[in-house]
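This briefing introduces one protein model to a reader who has not met it before. The points are grouped by topic and may be read alongside the structure.

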Amino acid sequence: MKLIYSLLLILCGLVITNAQKTFTVEGTVQDFHDKTSLENAVVKIGDFTAKTDKSGKFSFNKIPSGNYTLIAKHPDCNDYTENVGVTQDVHLSITLEHHVQDIETVTIHGNHESNGSLIVKTLDKSEIERNSTDNLGNLLSKISGVSTLKTGNNISKPIIHGLYGSRISILNNGVKLAEQEWGVEHAPNVDINNFQHIDVIKGASALKYGSDAIGGVVVMEPEIFPKKDTIKGSIGLSGISNGRGLALDADVAKIWKNGWAVKSGGSIKKLGDQSAPDYNLKNTGMDFSSFNFTVQNNTYEKGISFDYYLTNQNIGILRDSHVSTTGDYDRAMTATIPVYSGNFSYDIDNPRQVIEHHIAKVSAFKRFSTIGKLSATYSYQYNHRQEYDIRRGELKDTPSLDLELMTHQFNLNDLLEREKWSLETGIDGSFQNNYSDPATKARRLIPNYDKYSAGAYSVFKYKISNHFNVEAGARYDFTRYDVTKWYDKSDWESRYADVFPEFYAKTDQNRILTRPQLNYNNASFNAGLEYRPSSMFDLKFNYAKVGRSPNVAELFSDGLHHSAGIIETGDMELKNEQGHQFNLTVDSKFNVLRGLNISVNPYFFITKNFINEVPVGIKGTIRGVFPEWAYQQIDAKMYGLDLDVNFKITDDLTYIGKGSYVYGQDETNNEPLILMMPPNFSNALQFKKEKWNNFYFTVENQTFLKQTRFPIRNADLEIYQDGELVNKTIDFSTPPNGYSLWNIQTGVNISKNFSAGLIVNNLFNTSYRDYLNRLRFFADEAGRNFILNFRYRF
């Protein structure tokens, strides 16, 4: 009996002792980026739950000893999970990824959510898919303040507030495109179907993308994959009536919950000759293909990604833009119907351009609690451009221009965020080699060169109050050109022999070999503020002091630019552009019917040493007769206004309006700047009914007024009429008349995963010419176009 009592006492003692083995588990929950305390975070340990207070603190009392899984959650944060052993009192410091709104630069149009954070956007995936057969330039022209500089109907490059070319940076998944972008007819080599959204930053305030982006930045971002085990993708098929074309795009991704993902995709597009309302546009077909591949492993704390992109294009150039004699040139400029209109064909003959572009990129990031998010990116680009002129005999299939451009880029970036401020700092560098193949047996428009670039930047943002934020940034850039170029002896001696004698290398008969080495330094900075007193009003202002170095074409162009159909002349004495830019946006919301949003964006840009390309005459060559354009340096100013209106009349019916005006003035010559976007506006009504299988129908009217501000840059041409040589003035200056176009767009989900859409552009088959089309002298724009598209998602 004593033994039984003893065992019971020991057992009770053990129970009492174990019951006393409880401990306190407490701690704090903070934002990983800026270390601010997170209120109302839910913390679970075993079956126990607590919430954080205003100081981000939580506490559990009497937690029995043992091993537990602790989970912390907060809205817009990734969950935090940790295994905790409780054998004594425990204090934990938990950090969560909590997204906060940053100060944004002056950007275009609306908002969209991405991975729980609110950012400014231009075009989301649904808009890209509906317009999947468009090129990037035409797609972005749907945005106020953005227009396109065209060479015919298949080549277009974006213009932001009157600026284009080297003044616009285009980023493909973080890689700045390097593709001979100086050319007026060098369209961006991208497939818009690769991207989840495309953002546009107006103005030069985004210094992290380079100080040369005076006009703005186009940022194309791919999809961010969800953290789950799945396979997803889509297939799109489109039929195009004008050009009798077909387009196909497809992508598939395998995603794992642990952060691994593999994705591949691509597209093809084939077009034949397009047509104006009254005639065929000879040699305006195109072949396009692309391929992309991504493999990545991304978690919240770290990630690594490899990406590859390939595009191939074969683009026909309107046949009438290349002629042999002065008489033919006069007829091509003045003919009611193009001389070479002919019958429809899928053949792509000379003149044409063939472009192959590769991008290989590896990037990685790691988050540190002390120094923030550290990111590194290396990319390699290979751009091969061939331009074919109309040549005879053995040179018929030999390109007149054959350029190979290889570009290496590296960027190291650190983003440090705290409760009231953030600091983003980075360095980048690039090396570029261009090879102009002499096998063309034509004067090399662009010489062989090496380009070295390096830059450093820093952007500081400070939150003064809940309604008022400020930011400031600075950047320094260094650029060096090492060039090998031949000049005609007469040109060298008349223009550069006395100015740059150190560049002389040798003389070969009537040619001079030179080795120019030019260095450029640029310092830029910007300051901005945001005032947001309520959700109904938002004001943003940015000032930027900008600088841009001349590009290689502006310095060294020398000869016939074949696919552009012009002779171009550079100037090695060009200096850095220097300017001051002001951007203001005011976004207001009004409680009218279902909601009225109005956005107004006035801007002003004044610049010294602005590099301007203008026509200076007409020259006859063994290739034919072509206008000559020369690069000149002037003082200039631009200002304008963009307006966006979104008025939700009912739950299903919305009015969408936009308008743009830009004023450009050559202060040196006291004349308007050339190729400024005409005043334009559009009005659209959109009906959307989600209950009707996401049915939508949009009717839009676009109106472009006649550009009344233009420089007079006509040229005299000697031609034979009735056997006599006469002098005739060719009008390169007068813009075409204004025009108004109607477009419709409709679509519906046929089933859960299958949708269909229809676009009709230029509904009434209007004949018109676009002032910003470099081939407007020879033919009308394309007529009515039906685009029927189907998409299956899985």
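V25 has V90 of strand β7 as its bridge partner. This contact belongs to a parallel pairing in which seven bridges join β7 to strand β1, residues 22-31. The model is predicted, and its pLDDT averages 90 over the protein.

**The open sheet of β4, β1 and β7**

- Three strands make up this open sheet, in the order β4-β1-β7, and their pairing is mixed.
- Strands β4 (57-64) and β7 (90-96) form the edges, each pairing on one side only.
- From one strand to the next, the twist averages 25°.
- In general, strands of a sheet are paired by backbone hydrogen bonds, in either a parallel or an antiparallel sense.

**A series of antiparallel pairings**

- Strand β41 (residues 695-704) runs antiparallel to strand β44 (residues 739-749), and nine bridges join the two.
- Within β44, the residue opposite Y696 is G747.
- Strand β44 is also joined to strand β45 (residues 754-761), in this case by six antiparallel bridges.
- N749 has S755 of β45 as its bridge partner.
- The connection from β44 to β45 is a hairpin of four residues.
- Strand β45 in turn pairs with β46 in the antiparallel sense, over eight bridges.
- I787 of β46 stands opposite I759.
- Strand β46 (residues 785-793) is further joined to strand β16 (residues 230-240) by seven bridges, and these two strands run antiparallel.
- R791 of β46 is the residue opposite G236.

**Helix α4 and its surroundings**

- Helix α4 spans residues 326-334, and its buried residues are G327, Y329, D330, A332 and M333.
- The elements that cover these buried residues include the strands β36 (596-621) and β37 (624-648).
- Strands β42 (715-721) and β43 (724-730) are also among the covering elements.
- As a general rule, an α-helix has 3.6 residues a turn, so residues three or four places apart point the same way.

**Aromatic rings and charges over them**

- The model contains 28 aromatic pairs.
- One of these is the stacked pair of F500 and F503, with ring centres 5.1 Å apart and 15° between the planes.
- F500 and F503 are both buried.
- One aromatic cluster is formed by F525, Y543, F582, F604, Y639 and Y663.
- The charged end of R774 sits over the ring of W629, at 4.1 Å from the ring centre.
- K689 lies over the face of W692, 5.8 Å from the centre of the ring.

**Backbone details**

- The peptide bond that leads from N350 to P351 is cis, and its omega is near 5°.
- P351 is placed in the loop between α4 and β23 (352-368).
- N609 is not a glycine, yet its phi is positive, near 60°.
- This residue, N609, belongs to strand β36.
- N609 has a relative accessible area of 26% and is therefore partly exposed.
- N762, likewise not a glycine, has a positive phi of about 55°.
- N762 lies in the loop between β45 and β46.
- The relative accessible area of N762 is 4%, so this residue is buried.

**Confidence in the model**

- Of the residues, 94% have a pLDDT of at least 70.
- Residues 6-11 have a pLDDT below 50, and this stretch makes zero contacts in the model beyond near neighbours in sequence.
- Over residues 13-19 the pLDDT stays under 50, and the model shows zero contacts for them beyond four places in sequence.
- Predicted coordinates should not be read in detail where pLDDT is low.

Terms used. Residues numbered from 1 in each chain as written. Predicted model: local features only at pLDDT ≥ 70, side-chain atom pairs only at ≥ 80, totals over all residues. Heavy atoms only, no water. Pairing = 2+ DSSP bridges. Axes fitted to C-alpha atoms, helices over the stretch in contact; angles between N-to-C directions. Phe/Tyr/Trp six-rings, centres within 6.5 Å; stacked < 30°, edge-to-face > 60°. Buried < 20%, exposed > 50% of the residue type's maximum accessible area, 1.4 Å probe, protein only. Lys NZ or Arg CZ within 6 Å of the ring centre and 35° of its normal. pLDDT = per-residue confidence, 0-100. Contact = heavy atoms within 4.5 Å.
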